[in-house]
Amino acid sequence: MDKISVIVPCFNEEDVLPLFYQEVTKVLESIENTTYELLFINDGSSDHTEDLIKLMAHKNKQCFYYSFSRNFGKEAAMYAGLENATGDYVVIMDADLQHPPYLLKEMYRSLKEENYDCCAGKRIDRTGEGKLRNFLSHSFYKVIQTLTKMDMDDGAGDFRMMTRQMVDAILELKEYNRYMKGLFSFVGFNTKWLEFHNVERQGGNTKWSFKSLFSYAFKGIFSFSSTPITIAGVIGGILIGISLITSLYSSFVHPISYLTSLVLFLSGIQLIFVSILGQYCSSCYFEAKQRPIYIIKNTNKKLRS
Ligand code: UDP
Ligand code: MG
């Protein structure tokens with residue numbers, strides 16, 4: 001009998017958790033010849049999320065919870081889930097029912113019968129999301145695909161079922177700055193995509209502000225690509241060329257105001273490049289510290305690591 005582990009990162013999800021539990025257990029119980037474990041990762045919630053998941057764990061012996069000592073972010077929550085899942089197949093899904101539970105059945109079938117290593121959900125629209133966020137996300141995935149040459153598609157999220165072998169490969173990647181979409185692509189394996197329409201979250205609010213989305217996007221780029229440094233070098237070279245030409249020209253005409261704006265422009269460019277270098281240095285700095293990715297305050301399950 002196969003065991004399916006379902007990892008659910010939760011940050012202030014009291015409004016939707018009871019419905020999520022009902023929907024997901026209904027599907028899991030209908031998949032033949034399998035057992036399941038539900039791993040709720042409470043990522044430092046300040047509402048009643050912890051009470052709710054404790055209640056579920058009390059009612060259902062296949063339910064487990066891990067409560068973090070503070071909010072460490074969804075990446076850390078997913079990592080904690082992967083480290084502690086004991087199933088033959090492992091699922092990551094959001095608590096807000098934006099990842100349709102009915103797909104789990106098809107995911108399991110694809111892994112089991114079609115021999116895929118991973119079966120992932122892919123949103124084919126972004127209904128219920130703001131136009132600006134939609135546009136920015138779309139542009140970000142275009143940029144990151146060009147810079148990293150990795151397959152990171154817009155619409156492809158973290159919602160997926162993986163074999164134990166793929167999960168173990170991901171766990172080998174112990175970096176502190178985690179960008180899961182990049183890690184999935186890095187480890188490779190055979191992935192089948194199941195398309196679904198986006199739905200609005202079934203309760204509560206999104207945990208992502210524009211600021212956090214931007215910092216997540218930059219984290220993605222800087223942890224998977226060194227192309228920005230190369231671009232900086234190329235632009236530097238071009239600017240030196242331009243400045244040689246303009247200095248020859250200006251030695252005849254002396255356009256003071258033109259020079260002032262040129263100096264301002266060049267200092268701006270230099271600051272941007274210093275900041276790009278700084279991003280890579282700070283990544284090294286955090287990797288070198290080897291701080292834990294998350295800290296568990298309490299759980300009802302024996303920790304695997
Ligand atoms: N989440 C988390 N920690 C955080 C932010 C979010 O564990 O710091 C969880 C959240 O509870 C949800 C999932 O990550 O289960 C996705 O979050 P959300 O729905 O806010 O993201 P969106 O769907 O808007 O991208
Ligand atoms: Mg959501």
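**Exercise 1. Find which residues of helix α6 are buried, and work out how they sit around the helix axis.**

Solution. Start with residues 164-171, the stretch that forms α6 in this predicted model. A residue counts as buried here if 20 or more other C-beta atoms lie within 10 Å of its own. Run along the helix with that cut-off and you end up with Met166, Val167 and Ile170. Next, look at their directions from the axis: they cover an arc of only 100 degrees, which puts them on the same side of α6.

Now ask what that side meets. The buried residues of α6 pack against two other helices, α3 (74-84) and α7 (180-187), and against the strands β4, β5 and β6.

**Exercise 2. Take strand β6: is it mostly covered or mostly open, and which strands pair with it?**

Solution. First, the burial. β6 spans residues 156-163, and six of its eight residues are buried, so the strand is mostly covered.

Second, the partners. Strand β4, residues 89-92, runs antiparallel to β6 and is joined to it by four bridges. To see this pairing in the model, find valine 91, which stands opposite methionine 161 of β6.

Strand β5, residues 118-123, is also antiparallel to β6, again with four bridges. Here the pair to look for is lysine 122 opposite alanine 156.

**Exercise 3. Describe the surroundings of ligand 1: which residues come nearest, and what classes make up the shell?**

Solution. Begin with the residues that come nearest. There are 17 residues around the ligand, and Pro9, Phe11, Ala95, Thr206 and Lys207 are the nearest of them.

Then sort the shell by class: seven residues are charged, six nonpolar and four polar.

Finally, check which elements contribute. β1 (2-10) and α3 each supply at least two residues of the shell. You've met α3 already: the buried residues of α6 pack against it.

**Exercise 4. Compare the UniProt record with the model over residues 229-250.**

Solution. Read the record first. An unreviewed UniProt entry carries the annotation "transmembrane region" for residues 229-250 and 256-281.

Then turn to the model. Over residues 229-250 the chain is 100% helix and 0% strand, with the end C-alpha atoms 31 Å apart.

**Exercise 5. Step back and sum up the whole chain.**

Solution. Count the elements: ten helices and eight strands. Next comes the extent, with a C-alpha trace spanning about 85 × 40 × 35 Å along its principal axes. Last, burial: 29% of the 305 residues are buried.

Terms used
Residues numbered from 1 in each chain as written. Chains lettered and ligands numbered in written order. Predicted model: local features only at pLDDT ≥ 70, side-chain atom pairs only at ≥ 80, totals over all residues. Buried ≥ 20, exposed ≤ 12 C-beta atoms within 10 Å, placed from the backbone. Pairing = 2+ DSSP bridges. Arc of directions from axis to C-beta. Contact = placed C-beta atoms within 7 Å. Near = placed C-beta within 6 Å. Nonpolar A, V, L, I, M, F, W, Y, C, P; charged D, E, K, R; others polar. UniProt positions renumbered as here; feature names shortened; annotations may be inferred.
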